[in-house]
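Here's a protein model to explore together. Have a look at the structure first, and then we'll go through its pockets, its disulfide and its cores.

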Amino acid sequence: MAGLKTVATQTLFKSFRQRIVLMSLLLTSLPSLALDKINDLSDFRKRQIYTESLDNLRRGAITKFNKNKKKLKDYVLEPYLEYHRLNGKLNDAGPKEVETFLGTHSDLAVSPILKTRWLKKQGAKRRWKNFLYMFKEQDFLRSSNAELKCYYLRSLYGTGRKKEALRKTTALWLSPKSQPKSCDPLFEVWRSSQHFNQDIAWQRLEKAIKANQRTLSKYLLRFFSGAYKTRANAYYLVHTQPRRILQTRNFTADTEKNRTVIEHGLVRLSTRDPEKTLKAWKKYRATHNFSELQKTVMTERLAVAIAKTGTFPEEAKRSEITSAFAVMGLSNAAIAVANWQELYFWANKLPEEEKSTHKWRFWRAVSKENIMNSDPRNNPHDHEDDFLKLAQERNYYGFLAADRLAIPSSLNADTDLADSGKIIARNIHAKRALELFAVGEELNARREWFRAFDEIEDQHEKRVLAHAIKNIGKISLAIFSANLADATDDLTLRFPNQYAPQFDRASHKGGISPSLLKAITRQESAYDPKAKSSAGARGLMQLMPRTARLVARRMNVKLAGDESLYEPLMNIQLGSFHIAWLLERYKGNRPLAIAAYNAGESRVDRWLKERDGLPIENWIETIPFKETRNYVKNVLAFTLVYERLAGNSGSSILNPSEKIIGG
């Protein structure tokens, strides 16, 4: 019995020991099993855990945050969890912690931004040693961030390197624009040092005035006294009220500063009253010793200003006009007054690079066409080859050239495309961007997206990525990406057809082409319903709240509030009604209505009075605001593209009724 008991005990012990070993093996393998499960998580579940982690971080549940972070060890957005953790505690983060993060995650698009934020916080709290630990001399030399540069110099000053700091402050103060408030303590100390004087103040005043920084210019007047103050005040007043330069008794002294003020005032006045400017210039030139450069500048400025009234330089004086500025100005003046002989002469004197642009290829051909037609001895078709070559290109001037020849405009669409999967797989920034869009971090997603484009050299690969971003509904970013990829012929990317039913309904209601509405939207917001301009315009068709309220009253529609302008349907309804109302006001003339949509009716009315009877193409070129001028050209061209994409092959960029202004 005893023997049997011993054997039984041994067998039992052996069995127990085997079970212990088995359990131990199982327990040892659990982490790897769990990891396998984590690696098998779907993209949807990873995104859930990521957003839960951020929620934990916001609530201060750091234990849960760290637990979830471990689950996402191999997830492409795992570094962003660490970024958000550190970004949320920048006030308390030490330089070593920030340095470690930047070293580990130098490839994150947000890493330089985090560094800048941390540096600004150190500067604001006057932690000069911390600042200098992370911002060195080479950073100061490379940086374009004025606030960081000021903090750097304040750090030098605050750590005993006062002479060096004050010496380097001069160049920083001599900016043509106002500097950040963080610079004020540094500038205050610097202005009480030997580095500051009225000559330095005059240098900055001159820069500010030439940059048309009126507020800064007026502020700088406080730093002058005596004769300096008299000249500085005169400089500012002549800039803001150019007619003061006609009071020659105030500028009799033949000094360098007086000559500077006189030249500046006459240049500004020449665009408003060229005849009085010319008389004043003759007086000043006889009494003041202007440099040869100043004489040349004034001669050419006046020639351009007077040409805009229709009087061009005499043949004997043409050889005196040599600068690219003057030749360009005279060419534009010839367009403004439809003087084809002068246009032909001056446009052919433009620099070769300028002559090859679409604009000047078109206008040189127009001038040749009119000259040929004016004399029956000439070949009336001599210009057609120029138009034909230009008509092969898809742009505003190419479409105008096609109109001249009465041939269909060219679209040159390119549809060949490759799969984006491989490109995204090998570009970590593109992968991160797509994931960040998926979890709703729009701003960081865009930052990573642009980093992806920075690292790709092949334009075709960029275009493929642009389609990938379009496929997840980021239409405005796809358009921008197409431009970065130079994918000008990819019309699928560049001219989306989002909100087509809404545009069709608005088009039917307003009696206008849906292509025009789409073109305005394409130009205004690139189809971003959340777009907001620096001036406050909102939504797809970029309506200013004040304009929207006026349009809503005209429509007898209740506008819930400014935020409702971000709703696509409401924005399209208001924007389409507004352009329809403008078309009615300008008797169906689209270029005028488009210009008014951008710049307002009062400005367009004034421009019309100044250029009555001018061909519409010429009138568009004379629009004083560059933004509005380009806006009209783009919207007209985009409208034609949308018409052609809709199958309207007979469309042209301008209608017959739009050919002449007034008359």
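## The largest pocket

How do the residues of the lining of the largest pocket divide into nonpolar, polar and charged? There are 13 nonpolar, six polar and 10 charged residues in that lining. Keep in mind as you read that this is a predicted model.

The largest pocket has a volume of about 1,200 Å³, and 29 residues line it. Want to find its centre? Look for T271, V304, K308, T622 and P624, which lie nearest to it. The helices and other elements giving two or more residues to this lining are α15 (256-270), α17 (292-307), α18 (324-336), α35 (601-610) and α36 (616-621). Of these, α18 gives the most, with seven residues.

## The second largest pocket

Next comes a pocket with a volume of about 730 Å³, the second largest. Its lining is made up of 26 residues, and Q542, M544, Y597, N598 and A599 are the ones nearest the centre. Two or more lining residues come from each of α31 (514-524), α32 (545-555), α34 (590-599), α35 and α37 (626-645). So much for where the lining comes from; by class, it has 10 nonpolar, 10 polar and six charged residues.

## One disulfide

Which residues form a disulfide? C150 and C183 do, with their sulfur atoms 1.9 Å apart, and the structure holds just this one disulfide. The torsion about the S-S bond is about 95°, so the disulfide is right-handed.

C150 sits in helix α9 (residues 146-158), while C183 is in the loop between α10 (162-173) and α11 (184-191), so the pair ties together parts that are 33 residues apart in sequence. Are these two cysteines buried or exposed? Both C150 and C183 are buried.

## Two nonpolar cores

In soluble globular proteins, nonpolar side chains tend to be buried together. Here, the largest nonpolar core has 98 residues, and Y50, Y80, W173 and L205 touch the most other members.

Take W173 as an example: leaving out residues up to four places away in sequence, W173 touches F187, W190, R191, F196, I200, A201, R204, L220 and F223. There is also a second, separate core of 90 residues, with I335, L559, A596 and L608 among them.

Note on methods:
Residues are numbered from 1 along each chain as its sequence is written. This is a predicted model: local features need pLDDT of at least 70, side-chain atom pairs count only at pLDDT 80 or more; totals for chains, interfaces and linings use all residues. Side-chain values use heavy atoms; hydrogens and water are left out. On a 1 Å grid over the protein atoms alone, a cavity is a set of points where a 1.4 Å probe fits but cannot get out, and a pocket is an open set with protein on both sides within 12 Å along at least five of seven lines; lining residues have an atom within 4 Å of a point. Grid points are joined across faces, edges and corners, and a volume is the space filled by probe spheres set on the points. Helices (H or I, at least four residues) and strands (E, at least two) are DSSP runs, numbered from the N terminus. Ala, Val, Leu, Ile, Met, Phe, Trp, Tyr, Cys and Pro count as nonpolar, Asp, Glu, Lys and Arg as charged, and the others, Gly among them, as polar. A disulfide is a pair of cysteine sulfur atoms within 2.5 Å. Buried means under 20% relative accessible area, exposed over 50%, partly exposed in between (1.4 Å probe, protein chains only). A nonpolar core is a set of buried Ala, Val, Leu, Ile, Met, Phe, Trp, Tyr and Cys residues joined through side-chain atoms within 4.5 Å. Contact means heavy atoms within 4.5 Å.
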